[in-house]
Amino acid sequence: MGKNYVSLVICAAILFLCFVGTASAGTWYVDDDGGADFTGIQEAVNIALPSDTIIVYNGTYTENVNVSKPLTIRTSLGDPEDTFVLAANSNNHVFVVTADYVNISGFTIKGATGLEDIAGIYLNSVDYCNISDNTATGNTFGFFMYSSDNNTLMNNTANSNILTGFLLKYSSNNTITSNNVDSNNNFGIFISSSNYNTITCNTANYNYFEIGSSGILINSSNYNTLTENTLNSNSIGIKLKYSNNNTLINNTAFLNNLVGILLDYSNHNAITKNTLNSNSIGIKLKYSNNNTLTKNSACMNNASGILLAQSSNNLIYLNNFIDNAKNVPFYGFYVDTWNSTKEIDYSYNETTYTNHLGNYWSDYFGSDTDGDGIGNTPYRITSDCDNYPLMEPWEVYLGEQTYQSPLPTPTPMSERPLPTPTPMPEQKIWHFVVFFSGSESGETPSFNITGDEWRVKWVIEPSNSGGLLFMASARRFSPFSESVGFWTSVASWKWDPGSPYDDIQHIYEGKGSYSFKVTCMFVDNWLLTVEDYY
């Protein structure tokens, strides 16, 4: 009897342990149409045990979900286009995560708009969470990580959010990878007071609704690594402000209205192998010292390839500056180094050499009589000079991929989308014509207007020096003959103290050739975008 009793106790204990083990990794199902364990996600979270999985069927769920235990919450098909979570209370996060080891994937998340710090998904003081394959749109912030470390945000989409797609604040050692971050009103990815993060393989385009909006902004943050990100058609591609010892490698910034890469009060950063084409300015350093810029290409930028303002002791070598409006404009009397400080082994015309190497400048017209690939005379840069200017792009010297055209490879005709149908003749719409940008007073090239009216969207970025002055006038060319004539002002405007730094000026004269005259002081950048109405 005693042995049988002991055996029963042991069997009961084993069954209990099996039950506990199964329950600790249970799976719960949610369907807003019924027929599952729950109709709401929060109901499932409340019942689930740590390490459980919650599978959510496609549908629309209107709720604010608080995840305070380690769980996996995912959609049944993994497709955010058919499973929506909408904020029941717009003043709260749609998902707020306060536990480590939480995984959330496969949702479209909308409607957290009521307060400045509200997000679609908010991670608060957590570690080792994985947020993937979600779409956050129409929130104040798409994804917000606060005081959280060692988390991964991957394959998400953050678009059309009121402020920023991704915000990291006081958060370190996180990985932000392979996300699409488009058309947010302020910043695509914003890293604030956060160190040792990896931001890689993200696409951040069209984040341009305020002056200084950036695809990626690194603010008061150190030792972060940004690699292989694509940043097109923002106000600024990548901006570092008050940030030191960061590494930027293999990023691409095209068609940004102000700058491809901007360093602002940022020191000891490494900028390597980035491609910066068709922006206003390719690379700009402002009050930034002791940075290293090498193996970058800045081509066909509308104002300058590189601009240094109040910046010293930077090391700049093995870069390509090709066909920019000005490869390097006058920037003041500051001391920077424009060639390698040590000799480098290189190959040129099938011969090996060892020497210092500078940069390739498309407007360098010096000779190379000894055929070593280095110009005989320096390339002058105001008070500095590149003592070892290259005769060809830097890739030629180091046996790396041969320099190619800075323009993207055209899409084959068979793969191009069908064109948008032309509006009926009576349907007038605004058409982009051209944009101009700069940082100094001057006159722009002329442009043609087809319609009876047009407008200019103007934006200015003030310097930190105070005393801002900005005035502009639109002028029409009145010809005496085909080649002789005069310019007549048809509209003028200026910035007034206390007013916004951007506005729209309408001009009710059309069908002609126009240009702008700009007068400014203490302006870091100005931008004039012309649109024709016909």
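A: Before we start, one definition: Asp, Glu, Lys and Arg count as charged, Ala, Val, Leu, Ile, Met, Phe, Trp, Tyr, Cys and Pro as nonpolar, and the others, Gly among them, as polar. Keep in mind, too, that this is a predicted model.

Q: Okay, then let's try that on a cavity. How many charged residues are in the lining of the second largest cavity?

A: You sort the lining residues by class and read off the counts. Here the second largest cavity has six charged residues, along with one polar and one nonpolar. The lining is made up of Lys239, Leu262, Asp264, Lys284, Lys286, Glu461, Asp524 and Asn525. As for where they sit, strand 28 (259-264), strand 31 (281-286) and strand 50 (523-533) each give at least two residues to this lining. The volume is about 40 Å³.

Q: How many cavities of 30 Å³ or more are there?

A: A cavity is a space where the probe fits but cannot get out. In this model the count is two at 30 Å³ or more, and the largest has a volume of about 50 Å³.

Q: Which residues line the largest cavity?

A: That lining consists of Ile121, Leu123, Ile131, Phe143, Phe144, Met145, Leu153, Phe166, Leu167 and Leu168. Strand 10 (119-124), strand 13 (141-146) and strand 16 (164-169) are the elements that contribute two or more of them. Sort this lining by class and you get ten nonpolar residues, with no polar and no charged ones.

Q: Now a strand. Why is strand 22 said to be largely enclosed by the rest of the structure?

A: You go by burial, and buried means under 20% relative accessible area. Strand 22 covers residues 214-219, and six of the six are buried, so the rest of the structure largely encloses this strand.

Q: Which strands does strand 22 pair with?

A: For pairing, you look at bridges between strands. Strand 19 (residues 187-192) pairs with strand 22 in the parallel sense over five bridges, with Phe190 standing opposite Leu217. Strand 25 (residues 236-241) also runs parallel to strand 22, joined by five bridges, and there Ser214 stands opposite Ile236.

Q: Last one: where does pLDDT stay under 50?

A: Think of pLDDT as the predictor's confidence in each residue. For the protein, the mean is 87, and 87% of residues reach 70 or more. One stretch under 50 is residues 5-23, which has two contacts beyond four places in sequence in the model. Residues 402-426 are below 50 as well, and that stretch has 15 contacts beyond near neighbours in sequence.

Definitions and conventions
Residues numbered from 1 in each chain as written. Predicted model: local features only at pLDDT ≥ 70, side-chain atom pairs only at ≥ 80, totals over all residues. Heavy atoms only, no water. 1 Å grid on protein atoms, 1.4 Å probe; cavity = no way out; pocket = protein on both sides within 12 Å on 5 of 7 lines; lining within 4 Å. Points joined across faces, edges and corners; volume = space filled by probe spheres on them. Helix = DSSP H or I, 4+ residues; strand = E, 2+ residues; numbered from the N terminus. pLDDT = per-residue confidence, 0-100. Contact = heavy atoms within 4.5 Å. Buried < 20%, exposed > 50% of the residue type's maximum accessible area, 1.4 Å probe, protein only. Pairing = 2+ DSSP bridges.
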